[in-house]
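Visitor: I should like to learn how to read a protein structure, beginning with the empty spaces inside it. Would you guide me through one example?

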Amino acid sequence: MKIYRRYLSREVVAAIALVLAGFLALFGFFDMITEVKSVGQGDYQLRHAIAFVLLRIPGRVYELMPIAVLIGTLYALSTLARHSEITVLRASGMSTPTLLGVLFQVAAVCAVLTFVIGEVVAPPAERAAQQLRLKERGRTVSQDLRSGLWVKDERMFINVQVVLPDHRLRGIRIYDFDEKAQLRSVIEAAEGEYLPPDGWRLKDIVQTRLYGERSEIRRLADMEWRSALNPDILSVLMVSPDRMSLPHLSSYIKHLSENNQKTQRYDIALWKKIVYPLAALVMVALALPFGYTHNRVSGVSLKIFAGVMIGVFFHMLNGLFSNLGAINSWSPALSALAPSLLFLVAAAGMIWWVERR
């Protein structure tokens with residue numbers, strides 16, 4: 001690799017790392033302020049709040065990486081331009097495609113890192129953080145829900161009032177319908193414990209069977225119940241689709257499809273998980289035109305502010321297209337790709353305009 005490639009890569013990587021560290025410190029500070037308010041609830045202590053904030057760092061890295069790539073690249077190129085280093089490199093024969101190729105190499109590494117963190121590190125860390133907070137605060141997952149969780153499994157509708165952090169269920173109701181959509185039985189259980197691979201042990205059961213105009217009620221101490229419902233699906237129901245891993249998303253989409261339920265929201269989330277790491281490539285292309293302008297310190301500050309605004313706009317646009325896609329039944333791939341494609345077109349237009357000058 002030529003010296004100038006190593007030099008450019010080092011400067012851009014250092015700037016991205018600096019910006020990312022700054023963002024993590026800022027968001028970690030805000031998270032800590034929020035968590036300190038909960039200290040004293042149940043057994044929740046300051047050490048638990050610190051552990052919660054630390055466990056959320058991988059998720060923050062995943063969310064902030066494209067924005068950090070944009071601002072870091074923009075800052076590095078602006079600094080090089082202010083010192084006339086970009087001008088020297090171009091006068092030495094470095095073309096725009098060559099410079100873009102160097103930036104794409106850095107962005108590709110960031111994209112791979114984003115994907116690995118989003119799939120391997122962030123989901124279990126986020127789950128551990130939520131379980132830690134719920135356990136120490138003495139709360140249950142479904143306290144924020146009005147009627148509990150509702151899940152369809154073939155001809156059964158399952159309502160769960162409380163899901164504990166260890167995936168035990170409380171307040172279970174199972175409505176079983178026949179092929180004519182007539183209610184066949186209702187099972188109410190005080191508690192349920194998962195029995196791998198596809199069963200639950202229900203306790204303190206009241207089973208009501210319906211026979212036309214006649215009903216029969218039985219009380220059982222415990223019973224085994226077979227269902228496609230499992231802790232993985234429960235975990236999916238408790239978190240935002242954007243924070244799930246691809247295997248969990250695929251598993252839940254399959255479950256919804258088998259039960260003839262809408263999967264649009266989760267299909268879009270699946271495509272976003274695939275496309276989101278590639279946003280780093282778009283961001284370096286968007287930052288490149290700023291490296292061709294010569295400004296003093298005030299100009300660099302203005303560019304950094306512009307980078308922050310562009311990053312925020314990209315984040316908002318991602319959410320907007322996801323919601324519009326779910327509402328209007330757009331193609332999941334198009335809904336996920338649209339923001340990146342729009343920014344890529346904008347980057348190409350800006351590069352063309354700068355080259356014409």
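Guide: A cavity is a set of points where a 1.4 Å probe fits but cannot get out, and its lining residues have an atom within 4 Å of such a point. Please keep in mind that this is a predicted model. In the second largest cavity, the lining is made of K272, V275, Y276, A279, F314, N318, A336 and S340.

Visitor: How many cavities of 30 Å³ or more does the structure hold, and how much space lies in the second largest cavity?

Guide: Rolling a probe the size of a water molecule over the atoms shows where empty space is left. Here there are 3 cavities of 30 Å³ or more. The second largest cavity contains about 50 Å³ of space.

Visitor: Which helices each supply at least two residues of its lining, and what classes of residue are found there?

Guide: The helices are α8 (264-275), α10 (297-328) and α11 (332-356). By class, 5 lining residues are nonpolar, 2 are polar and 1 is charged.

Visitor: Let us turn to α8. How does one judge the span of a helix?

Guide: One compares an expected span with the distance between the end C-alpha atoms. Because each residue should add 1.5 Å, the 12 residues of α8 should span 16 Å, and its end C-alpha atoms are indeed 16 Å apart.

Visitor: Is α8 mostly covered or mostly open?

Guide: A residue counts as buried when its relative accessible area is under 20%. Of the 12 residues of α8, 9 are buried, and the helix is mostly covered. Among them are Y266, D267, I268, A269 and L270. K272 and V275 are also buried, and both belong to the lining of the second largest cavity.

Visitor: How should I think about the sides of a helix?

Guide: An α-helix has 3.6 residues a turn, so residues three or four places apart point the same way. In helix α9 (residues 279-287), 8 of the 9 residues are buried, so the helix is largely enclosed by the rest of the structure. The buried residues include A279, V282, M283 and L286. A279 also lines the second largest cavity.

Visitor: How does one find parts that are distant in sequence but brought together in space?

Guide: One compares the separation along the chain with the distance between C-alpha atoms. A333 and D267 are 66 residues apart along the chain, and their C-alpha atoms are separated by 8.3 Å. A333 is placed in helix α11 and counts as buried because its relative accessibility is 17%. D267 is one of the buried residues of α8.

Visitor: Where else does such a pair occur?

Guide: R56 and R127 are 71 residues apart in sequence, with 9.2 Å between their C-alpha atoms. R56 sits in the loop between α2 (46-55) and α3, and at 14% relative accessibility it counts as buried. Another pair is E154 and A228, which lie 74 residues apart along the chain with their C-alpha atoms separated by 8.9 Å. E154 is in the loop between β1 (149-153) and β2 (156-163), and it is exposed, with a relative accessible area of 61%.

Visitor: Which residues does R60 touch, and is R60 buried or exposed?

Guide: Leaving aside residues up to four places away in sequence, R60 touches L24, F27 and D31. R60 belongs to helix α3 (residues 57-82) and is buried, with a relative accessible area of 15%.

Visitor: What should I look for in the backbone angle phi?

Guide: Most residues other than glycine have a negative phi. D204 is not a glycine, yet its phi is positive, at about 55°. D204 is found in strand β5 (residues 199-211) and is exposed, with a relative accessible area of 54%. S329, also not a glycine, has a positive phi of about 60°. The place of S329 is the loop between α10 and α11, where S329 is exposed at 55% relative accessible area.

Visitor: Finally, how is the whole protein described?

Guide: The protein has 11 helices and 6 strands, and 45% of its 357 residues are buried. Among contacts between residues at least 6 apart in sequence, 62% join residues at least 24 apart. The protein exposes about 18800 Å², of which carbon and sulfur atoms supply 61%.

Notes: Residues are numbered from 1 along each chain as its sequence is written. This is a predicted model: local features need pLDDT of at least 70, side-chain atom pairs count only at pLDDT 80 or more; totals for chains, interfaces and linings use all residues. Side-chain values use heavy atoms; hydrogens and water are left out. On a 1 Å grid over the protein atoms alone, a cavity is a set of points where a 1.4 Å probe fits but cannot get out, and a pocket is an open set with protein on both sides within 12 Å along at least five of seven lines; lining residues have an atom within 4 Å of a point. Grid points are joined across faces, edges and corners, and a volume is the space filled by probe spheres set on the points. Helices (H or I, at least four residues) and strands (E, at least two) are DSSP runs, numbered from the N terminus. Ala, Val, Leu, Ile, Met, Phe, Trp, Tyr, Cys and Pro count as nonpolar, Asp, Glu, Lys and Arg as charged, and the others, Gly among them, as polar. Buried means under 20% relative accessible area, exposed over 50%, partly exposed in between (1.4 Å probe, protein chains only). Contact means heavy atoms within 4.5 Å. Accessible areas come from the Shrake-Rupley method with a 1.4 Å probe; for residues, only the protein chains shown count as cover. The expected span of a helix is 1.5 Å times one less than its number of residues.
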